[in-house]
2 protein chains.
Amino acid sequence: MGHVLNCKEAAKVFLDNIKMESEKLREKGVNPLLAIVRVGKREDDIAYEKSILKNCEKVNITGQVHECDENIDMESFTKLIQGLNQDRFVHGILVFRPLPKHLDENVIKHIIDPNKDVDCMNPLNFARIFEGDLDGYLPCTPAAVMNIIKYFNIDVKGKKVVVLGRSMVVGKPLAMMLLKEDATVTICHSKTENLKEVVSSADIVAAAIGKAKFIGSDYIKKDAIVIDVGINVDDNGNLCGDVDFEAVKEKASLITPVPGGVGSVTTSVLLKNVINGAKRIHKS
Amino acid sequence: MGHVLNCKEAAKVFLDNIKMESEKLREKGVNPLLAIVRVGKREDDIAYEKSILKNCEKVNITGQVHECDENIDMESFTKLIQGLNQDRFVHGILVFRPLPKHLDENVIKHIIDPNKDVDCMNPLNFARIFEGDLDGYLPCTPAAVMNIIKYFNIDVKGKKVVVLGRSMVVGKPLAMMLLKEDATVTICHSKTENLKEVVSSADIVAAAIGKAKFIGSDYIKKDAIVIDVGINVDDNGNLCGDVDFEAVKEKASLITPVPGGVGSVTTSVLLKNVINGAKRIHKS
């Protein structure tokens with residue numbers, strides 16, 4: 001039976017380190033500050049916001065919420081972002097997405113200052129990842145996967161890693177980050193032929209397709225390592241990943257659970273990005 | 001025995017189309033113009049320049065060479081690029097690389113107007129490829145591979161495609177372009193374990209590692225399709241690809257030669273980019 005990776009423990013270690021860094025900055029008179037921009041009152045935005053603010057408090061980062069009316073026009077919204085860009089007390093800007101349709105994300109993403117873009121929205125930050133430069137801001141979920149890989153000393157160098165999913169939020173940046181660590185990366189998706197055969201040849205599988213329990217044990221090579229990025233709801237209304245955890249854990253050597261897996265680490269990436277932002281702005 | 005893809009014929013068709021488009025633009029009073037920026041007198045730069053100018057002439061695009069002294073300082077060089085950005089008669093800017101060390105490519109690449117960046121140097125253009133938006137400027141070599149794939153009706157959808165090499169010039173953008181066409185893409189490199197096993201599972205292999213005749217027939221599945229991006233010199237001083245052509249052509253179903261393969265198509269991508277630049281600037 002496979003070992004279940006205790007990602008909550010990892011997250012605690014990451015947050016403790018962030019808290020230490022935050023306190024060091026405060027000693028120097030820099031108060032790390034994350035500006036959260038929320039348009040309207042979508043339930044999941046508010047839940048995410050609460051969770052971020054709770055974690056901000058834990059690590060001594062100030063969370064500052066900018067709530068906009070859901071009908072805010074493009075001009076006012078742009079001005080808000082530009083104001084945050086210019087505000088030297090703001091170290092990170094997080095804009096909740098998706099934005100309402102009348103606010104063009106393809107324009108907004110260019111407006112946000114790449115130096116404060118802690119959620120990696122600006123194409124300039126994405127381009128750096130593509131170039132294999134991981135010193136800039138990394139998108140939270142794939143960076144959380146990489147942090148888990150490093151925390152648990154998983155060796156990806158030269159290994160066959162299959163990434164399931166090709167989104168800009170997870171699959172593609174994750175593939176680039178794994179490539180940077182010398183993994184042999186295969187990107188699979190809904191159009192992949194012989195999916196089971198491809199996935200079951202992998203030493204490491206990272207699933208990010210958003211299909212509840214889709215990956216059964218027949219997709220997994222014996223003793224493979226399985227990282228489940230999916231967050232779905234199963235037929236009984238319970239949270240579950242893209243992987244059929246109960247079945248796959250018997251075959252895998254290491255596996256992340258859902259809940260309590262990758263998702264429990266993502267916020268720490270966001271907050272670490274805020275710390276990095278504060279350091280960068282403080283230096284310049 | 002495999003069929004050898006006649007890429008020269010394809011290149012001729014591409015150039016004929018470009019010529020037609022160029023003439024249409026000229027009828028509207030727009031004279032497509034490519035500005036070539038060369039620093040110093042490196043032999044391979046001059047050879048490349050000659051070949052581009054020859055092809056420009058063929059398709060009725062004006063090639064305008066800006067030769068700089070090899071000691072040109074950053075300020076003057078930046079001014080030259082900015083001047084070309086602003087010159088409304090210039091539709092495409094090609095800066096020969098690598099630049100001498102005192103000219104920082106990481107700065108220059110941001111200065112070149114993304115709308116005239118026909119060699120895909122600006123990260124904003126790279127980011128678009130990463131996002132799967134292939135309507136912008138594409139880097140010439142991987143785009144040449146995709147044009148060959150389309151010209152010869154090679155179906156990549158769902159197929160296992162192995163890209164050998166992970167450079168920003170070929171491997172990574174090619175992987176993204178193939179992914180956009182729904183291929184299942186694996187990126188291999190010098191650190192890949194069991195390389196032979198991985199490559200020989202592929203339906204389509206694109207080799208871009210720069211090692212003369214490295215890929216022998218034992219790397220290739222019977223009836224696989226082989227696209228050779230490498231341009232090397234063999235022990236006898238002859239041009240050759242990354243693939244051992246004579247051996248592999250017996251096993252592959254389709255194969256591109258070197259010379260006369262991908263390399264003969266790349267310049268047509270550059271010139272098509274100039275036409276697209278002229279159309280874009282003319283519209284706005």
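A residue is called buried here when its relative accessible area is under 20%, exposed when it is over 50% and partly exposed in between (1.4 Å probe, protein chains only). The structure is a predicted model, in which local features need pLDDT of at least 70 and side-chain atom pairs count only at pLDDT 80 or more, while totals for chains, interfaces and linings use all residues. Residues are numbered from 1 along each chain as its sequence is written, chains are lettered from A and ligands numbered from 1 in the order in which they are written, and side-chain values use heavy atoms, with hydrogens and water left out.

A good place to begin is helix 6 of chain A; helices (H or I, at least four residues) and strands (E, at least two) are DSSP runs, numbered from the N terminus. In this helix, Cys140(A), Pro142(A), Ala143(A), Ala144(A), Val145(A), Met146(A), Ile148(A) and Ile149(A) are buried. Their cover, judged by contact (heavy atoms within 4.5 Å), includes helix 1, helix 7 (171–180), strand 8 (225–228) and helix 10 of chain A. The expected span of a helix is 1.5 Å times one less than its number of residues; for the twelve residues of helix 6 of chain A this gives 16 Å, and the end C-alpha atoms are indeed 16 Å apart. Just after the helix, Asn153(A) takes a positive phi of about 50 degrees.

Helix 10 of chain A (residues 263–283) also agrees with expectation: its 21 residues should span 30 Å, and its end C-alpha atoms are 32 Å apart. Its buried residues, among them Val265(A), Leu270(A), Leu271(A) and Ile275(A), pack against helix 1 (7–27), strand 2 (33–39), helix 2 (43–59), strand 4 (92–95) and helix 6 (140–151) of chain A.

The largest nonpolar core (buried Ala, Val, Leu, Ile, Met, Phe, Trp, Tyr and Cys residues joined through side-chain atoms within 4.5 Å) has 120 residues, and Leu178(A) and Leu178(B) are among those with the most contacts inside it. Leaving aside residues up to four places away in sequence, Leu178(A) touches Met146(A), Ile149(A), Val156(A), Val161(A), Val163(A), Ala183(A) and Val185(A).

Turning to chain B, an open sheet of three strands has the order 3-2-4 with parallel pairing; strands pair if DSSP finds at least two bridges between them. Strand 3 (62–68) and strand 4 (92–95) of chain B stand at the edges, each with a single partner strand, so one side of each lacks a neighbour in the sheet. Strand 2 (residues 33–39) and strand 3 of chain B pair over seven bridges, with Leu33(B) opposite Thr62(B).
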